[in-house]
Amino acid sequence: MTFHRLLPSAERRAAALALTVAALLSAVPSAAGAQGPKLSGSIGSEVRLFFEEPKFDGQFDDPIAGIQPSLLAEPELSYDSQDRRHQFNLAPFLRLDARDGDRSHADLREGYWRYIGGDWEVLLGVNRVFWGVTESRHLVNVINQIDAVEDIDEEDFLGQPMVNLATQQDWGRVDLFVMPGFRERTFPGRNGRLRPGIPVDENAAQYDSELARGQPDTALRYSHFFGDFDLGAYYFYGNGREPRLVPSGQGTRLEPRYDLIHQGGLDLQYTDEAWLWKLEAIVREGQGDPFGAVVAGVEYTFFQAFESDADLGLLAEFLYDGRDEDDAPPTAFDEDVFFGTRLALNDVQDSTALLGAIVDVEDGSTSIFFEAERRLGDSWKLELEVRAFLNISDSNPASSFENDDFALLRLSYFF
Amino acid sequence: MPPKPLKASLALAVGLALLAAAATAQAASPEEQGFEIAARSDRSDRGFGDNRVRLKMVLRNAAGAEATRSLEIATLEVPDEDVGDKSLIVFDSPRDIDGTALLSHAKIIDPDDQWLYLPALKRVKRISSVNKSGPFVGSEFAFEDFTALELKKYDYKYIRSEPCGEMTCDVVERYPRYEYSGYVKQLSWIDQEVFQVRKVEFYDRRGDLLKTLSLEDYRLYEDKYWRAQKLAMVNHQTGKSTDLIYEDYVFGVGLGDRDFIKGVLQRIR
């Protein structure tokens, strides 16, 4: 087993940017703050274990089982000026994967300077931005490209270069994003599991926009809370983050096609004592007919359940996506229901667990997942993740994962 | 020499006056007295504006094994007694929760507004705050022990006065008026010199003694505001304990409402 293809050429830009920000960081006059830069972050090792024979040729397999070890590093260097008006942050990411060369990758997750001046703030550089309230799908997120080679849960983001201008007023917060430098989605390589039947050739991306990757994307978002309601609404125009995957001439690879889209999005939560009512919705134009998609649901928590210190939450969400799959990227969430339960022990180790199932209402395809984590001592964390695909219909986009049930164990050291 | 009737009427007048005085003193019911003592304590802190403090939280289990957390708390005073203060708590250790933040807008009777920031996902979550009696980050402090002590969150009753250390304390019972409290009552010791809370006993819903909080090492800031530098909470039912050990408070930071609004959570790290 070797960690091959350490840093493919595509990652050198990220490394170069990281160095630039580091130089910027070291250039900050020491008189500006007494605390000095702070180094934090984590390093970890991870094993993914696939239980079944792979479905497609080329995917890794062992005589015993599909074992996929990898190493991770997520250091973070941050610096605040003494008056806390200037923030510098540098957060590179590195994974070395033993089985899938495309999963070995580096990225600059964050590398920015932020200035906070009264009601206004400006951020220049690379950042990650999470919006939304639901658990089963993160529908409204549109700023960052998904680092899909990491996991299929759409929670890992590639760092997005941006200028983010924001103002916080009594009536809410307004964020303007101008984003030069489009990031292409990552995909597992030919050797990798959890990939489409035909491998995706990330280097063969094509663009709807004449400016291709140079298309500056823009987004404007308003967010605030009104009593028990928390609201966010935005408009986005630019290269859509979600590519269509089109077979090449010979049909030996899939080529990502990025379309120019207009998208409006809304996230809303109503907090009523132990009930959380959640809604995420988008409308998108630019991939065939305009379409809408919704995730709506509820979470109820039994605090101090069973006369213990633990909290037990019950979740249910409904998912709908009205896209035409001939013109837009296919989705597994066309009409689905999600049920889940969340347990937080509220112990010294902050132990938590989440068990959930997403079921396609039309074809019965089911994805089950379990996630648990616990701190060990002061500085270590152990995470377990299990995902299983049951009763997957051949027409469901998840059908290429049907042999990819896996368990993941990750041990991380935080500093 | 005045005639006897006059002497008698004088004596009667004095007697009546004394009686009246006694009656006036008694007119303040134990409830009113309790409220007055608590209000005097609360008002001794009025006008502090804002402050920021770093602290260490030491959690001990019954066997004495320790775990520590370190955090920073910023507080903004909301002078209106019918509205609670605002606070922002940011953790920096254990290292895996570095940057985790809790923003609270305290209410008096209604549940507080609370938002949690989870740095791993860069996610801001509005959370339910009916969880008053749950443990705060695995400690012996419940959420309701940790949020601002607002005068009107309780009903009061004066019990007695007794020596407490070198001072004399008024012992006042307080009864939570808000829903979802884990306590049927709390017994508080408030000194008669500078009117600060020195000790609190917490009684659970069954009426049994659950925890004792000792507030130690009071220090005077800005010539006006007293702050305990150590809070020690002992759980008598589990044998666990949690100490909060404060560094120096900084008053007059210049914080305003806009530093305690949901939108600031995304720039915490």
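**Entry 1: Arg213(A)**

I began with Arg213(A) in this predicted model and found it partly exposed, with a relative accessible area of 35%. Which residue does the side chain of Arg213(A) meet in a salt bridge? I found Glu184(A), at 3.5 Å from N to O. I then looked up where the two sit: Arg213(A) is in the loop between strand 8 (206–207) and strand 9 (217–226) of chain A, and Glu184(A) is in the loop between strand 7 (172–179) and strand 8, so the pair ties together parts that are 29 residues apart in sequence.

**Entry 2: a buried pair in chain A**

Next I went to Asp267(A), which forms a salt bridge with Arg221(A); the closest N and O atoms are 2.9 Å apart. Asp267(A) belongs to strand 13 (residues 260–272) and Arg221(A) to strand 9 of chain A, so I noted a link between distant parts of the chain, 46 residues apart. Are these two buried or exposed? Asp267(A) counts as buried at 5% relative accessibility, and Arg221(A) counts as buried too, at 9%.

**Entry 3: over to chain B**

In chain B I picked the salt bridge of Arg54(B) with Asp92(B), where the closest N and O atoms are 3.2 Å apart. Here strand 1 (residues 50–60), which holds Arg54(B), is linked to strand 3 (residues 86–93), which holds Asp92(B), and the two residues are 38 apart in the chain. I have Arg54(B) down as partly exposed, with a relative accessible area of 29%, whereas Asp92(B) is buried at 18%. I put Asp92(B) on the buried side because the cut-off is under 20%.

I also jotted down a network in chain A: salt bridges that share partners join Glu46(A), Arg95(A), Asp97(A), Arg103(A), Glu150(A), Glu383(A) and Arg410(A). Over all chains I have 71 salt bridges on the tally.

**Entry 4: where the chains meet**

How many residues of chain B are in contact with chain A? I noted 39 residues of chain B, in contact with 56 residues of chain A. The area buried between the two chains is about 3900 Å², and carbon and sulfur atoms give 44% of it. On the chain B side, Arg126(B), Arg267(B) and Arg269(B) lose the most area to chain A, together 21% of what that side buries.

I looked for charge pairs across this interface and have eleven salt bridges. One I checked myself joins Arg126(B) to Asp230(A), with the closest N and O atoms 2.3 Å apart. For polar contacts between chain B and chain A, my count is 21 residue pairs. Strand 1, strand 2 (66–76), strand 5 (113–118) and strand 6 (123–127) of chain B each supply at least two residues of the side that touches chain A. I sorted the residues of that side into 13 nonpolar, nine polar and 17 charged.

**Entry 5: aromatic rings**

I closed with the rings, 30 aromatic pairs over all chains. Tyr207(A) and Tyr258(A) are stacked, 5.5 Å centre to centre with 25° between the planes. The pair links strand 8 of chain A, with Tyr207(A), to strand 12 (residues 254–258), with Tyr258(A), across 51 residues. Both tyrosines, Tyr207(A) and Tyr258(A), are buried.

In chain B, I found Tyr246(B) and Tyr249(B) stacked at 5.7 Å centre to centre, with 10° between the planes. Tyr246(B) counts as buried at 13% relative accessibility, and Tyr249(B) counts as buried at 13%. Which cluster holds Tyr246(B) and Tyr249(B)? My note reads: one aromatic cluster of Phe48(B), Tyr221(B), Tyr225(B), Tyr246(B), Tyr249(B) and Phe251(B).

Conventions:
Residues are numbered from 1 along each chain as its sequence is written. Chains are lettered from A and ligands numbered from 1 in the order in which they are written. This is a predicted model: local features need pLDDT of at least 70, side-chain atom pairs count only at pLDDT 80 or more; totals for chains, interfaces and linings use all residues. Side-chain values use heavy atoms; hydrogens and water are left out. A salt bridge is a side-chain nitrogen of Lys or Arg within 4 Å of a carboxyl oxygen of Asp or Glu. Helices (H or I, at least four residues) and strands (E, at least two) are DSSP runs, numbered from the N terminus. Buried means under 20% relative accessible area, exposed over 50%, partly exposed in between (1.4 Å probe, protein chains only). Contact means heavy atoms within 4.5 Å. Buried area is the accessible area (1.4 Å probe) that two parts lose on being put together, summed over both. A polar contact is a pair of N or O atoms within 3.5 Å; within protein, one must be able to donate a hydrogen and the other to accept it, and residues adjacent in sequence count only if both atoms are side-chain atoms. Ala, Val, Leu, Ile, Met, Phe, Trp, Tyr, Cys and Pro count as nonpolar, Asp, Glu, Lys and Arg as charged, and the others, Gly among them, as polar. Rings of Phe, Tyr and Trp (its six-membered ring) pair if their centres lie within 6.5 Å; planes under 30 degrees apart count as stacked, over 60 as edge-to-face and the rest as tilted.
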